Amino acid sequence: MPRAYFDHNATTPPDPEVIEAVARALGDDFGNASSVHHFGQRAKALLDEARTSIGQLIGAEPAEIVFTSGGTESDNLALRGAAEALENTGKRHLITSSIEHEAVLNTVKALVKRGWTSTLLPVDATGIVAPASLAAVITRDTAIVSVMHANNEIGTIQPIADLAAIAHEHGALVHTDAVQSVAKIPVDVRALGIDLLSLSAHKFNGPKGAGALWIRRGTRLVATMTGGKHERNRRGGTENVPGIAGMGVAARLAKAKLDVNGGRIGALRDRLEAGILAAVQGTIVNGARAPRVPNTTNISFDGVEAESLLIALDLEGFAVSTGSACSSGTLEPSHVLRAMNLPSHRTQNSIRFSLGAGNTEEQVDALIAKLPAVVGKLRSLVRR
Ligand SMILES: Cc1ncc(COP(=O)(O)O)c(C=O)c1O
C-alpha cells in the first residue's frame, strides 16, 4: 500500500489548482505588483484576487488583509506591531495561553525582555481556556490578549468570542492565532469579535511561505518589517506573488469545500479514534471532551515512547507526529499536554494523527489494523 499521510497539522499537500496558479504567477505573471506597467498590473490583479478570496474565507474586507510569509510572521507582526503601537499608552501587560504555538510564546518572551509583563492563562484538563481565568487576571494595564483559536497538538477550539468580550471590556486588543482553524471550521472575524487574526497558507493546501494577518479596520499597528509602502505601509517588501496567488486559490477552494470536507474528514477521524481505542489496550484520547477541529486526534499509548512509535509507523508507511520534541537526546514532554496537567507518562507517549482531504477509509482501516502489532512489539521491548 502507498504511504499514508496523517500529519496535516504540520503541513498539507498543495491542491493541483494551487500548483497551477503558483506556476502561472512564477512564469507569465512575473511582474512586480508595485510596477505601473502592464506586467506590474497583472501581478497586482493576482494580489487583489487573493485578498478577496481570503477575506471571503474569514468574513473580512479585502483591505484588512496584510500578506506575510506565514503564520509565524503574522503572529510576530500582530504582537510586536500592536505592542509598539500601544507602548505610548503606558499599558505594558500582555495575556496569552499556556498552550500557544512557539510563534506566539517566544514572541511574548521577546516582548518581556523589552519591559513588558505577561500572564499565561492555564487550560483545564480538556485543553480549554476558561473565560473566567481571563477575567481573573486582566487589568486596566492589559494591552493585548492573544489566545489561539484551535490548538495544533490536540485540536481544541477555544471560546474566542467570550474571551474577546472580556478583553474588550477592559480596553485590550485581541489577537487570535487561527492557523489551525481556518479552512477546518467556519471562521468569521466579526462573529469572533477580535481585532487581529493570523493564518497560514500551507495549512490549507496552499504553498509554504505565504500567510496573512487580518487587521480590523482602525486597529493601531506599527510595521515590524520596514521598507517600501507595500501592504498599505504595514509590511514592507515586494510581495511573494506566486505564494499569495496560490494562497488565494487555496482559500477559494477551502471555502467552497468547507462543509463537505469537514464532514468527511470528521467521520474519518472519528473512525480512526474509535478504531484505535478498540484495537489497542491502554490508549486514551487527549482533549476528547472539548470541542475540537474535525481533523485532529491526539492519543496517548501507555508504555510506549512516542518517538519510537512514530518511527515504527513511518517504517510501516504511516506518517504521524508527536507532540513532544526531541532535544539533545532527551524527550521533552509536550507543553500543551503538560499544561492540561496530565500524568507525566501521558505527556510523553502521545501521538497526533491529523487528517486531510486526501485520506481514505482504506488508509484509516490499514492504520488501525497495523497498530496493535506495532504497539505490542514496542511494549515488549520496554518490558525486557
Ligand atoms: C498554531 C500555529 N501557529 C503558527 C504556526 C506557524 O505557521 P508557519 O509554519 O506558517 O510559520 C503553526 C505551524 O505549525 C501553528 O500550528
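How many bridges join strand β10 to strand β15, and in which sense do the two strands run? Five bridges link β10 (residues 296–301) with β15 (residues 350–354), and the strands run antiparallel. Helices (H or I, at least four residues) and strands (E, at least two) are DSSP runs, numbered from the N terminus, and two strands pair if DSSP finds at least two bridges between them. The model is predicted, with local features needing pLDDT of at least 70 and side-chain atom pairs counting only at pLDDT 80 or more, while totals for chains, interfaces and linings use all residues. Residues are numbered from 1 along each chain as its sequence is written, and side-chain values use heavy atoms, with hydrogens and water left out.

To set the scene, the chain holds 13 helices and 15 strands. Its radius of gyration (taken over C-alpha atoms) is 21 Å, close to the 21 Å that the globule rule gives for 384 residues, so the chain is as compact as a globular protein of that length. That rule is 2.2 Å times the number of residues to the power 0.38. The C-alpha trace spans about 70 × 50 × 40 Å along its principal axes. Of the 384 residues, 57% count as buried, where buried means under 20% relative accessible area, exposed over 50%, and partly exposed in between (1.4 Å probe, protein chains only). Contact means heavy atoms within 4.5 Å; among contacts with a separation of 6 or more, 74% come from residues 24 or more positions apart.

Back at the opening pair of strands, β10 and β15 belong to an open sheet of four strands in the order β9-β10-β15-β12, with antiparallel pairing. Its edge strands, β9 (283–285) and β12 (321–322), each pair on one side only. Helix α9 (residues 241–279) packs on this sheet and touches β9, β10 and β15, its direction making about 10° with that of β10. Axes here are lines fitted to C-alpha atoms, for helices over the stretch in contact, and angles run from 0 to 180 degrees between N-to-C directions.

Within β10, threonine 296 stands opposite serine 354 in β15, and threonine 297 has phenylalanine 353 as its bridge partner. On the β9 side, three bridges pair β9 and β10 in the antiparallel sense, with valine 285 opposite isoleucine 299. In a regular strand the side chains alternate between the two faces of the sheet. Both faces of β10 are covered: Thr296, Asn298 and Ser300 are buried on one side, and Thr297, Ile299 and Phe301 on the other.

Helix α6 (residues 160–169) offers another view of burial, its buried residues being Ile160, Leu163, Ala164, Ile166 and Ala167. Seen down the axis of α6, they fall within an arc of 165°, so they line one face of the helix; the arc is that of the directions from the helix axis to the C-beta atoms. These residues pack against α5 (131–137), β5 (142–146), β6 (173–177) and α7 (189–192). Just after α6, glycine 171 takes a positive phi of about 75°.

A last stop is serine 98, in the loop between β3 (93–97) and α4 (102–113). At 15% relative accessibility, serine 98 counts as buried. Leaving aside neighbours within four places in sequence, serine 98 is in contact with Leu120, Leu121, Pro122, Val123, His335 and Ala339.
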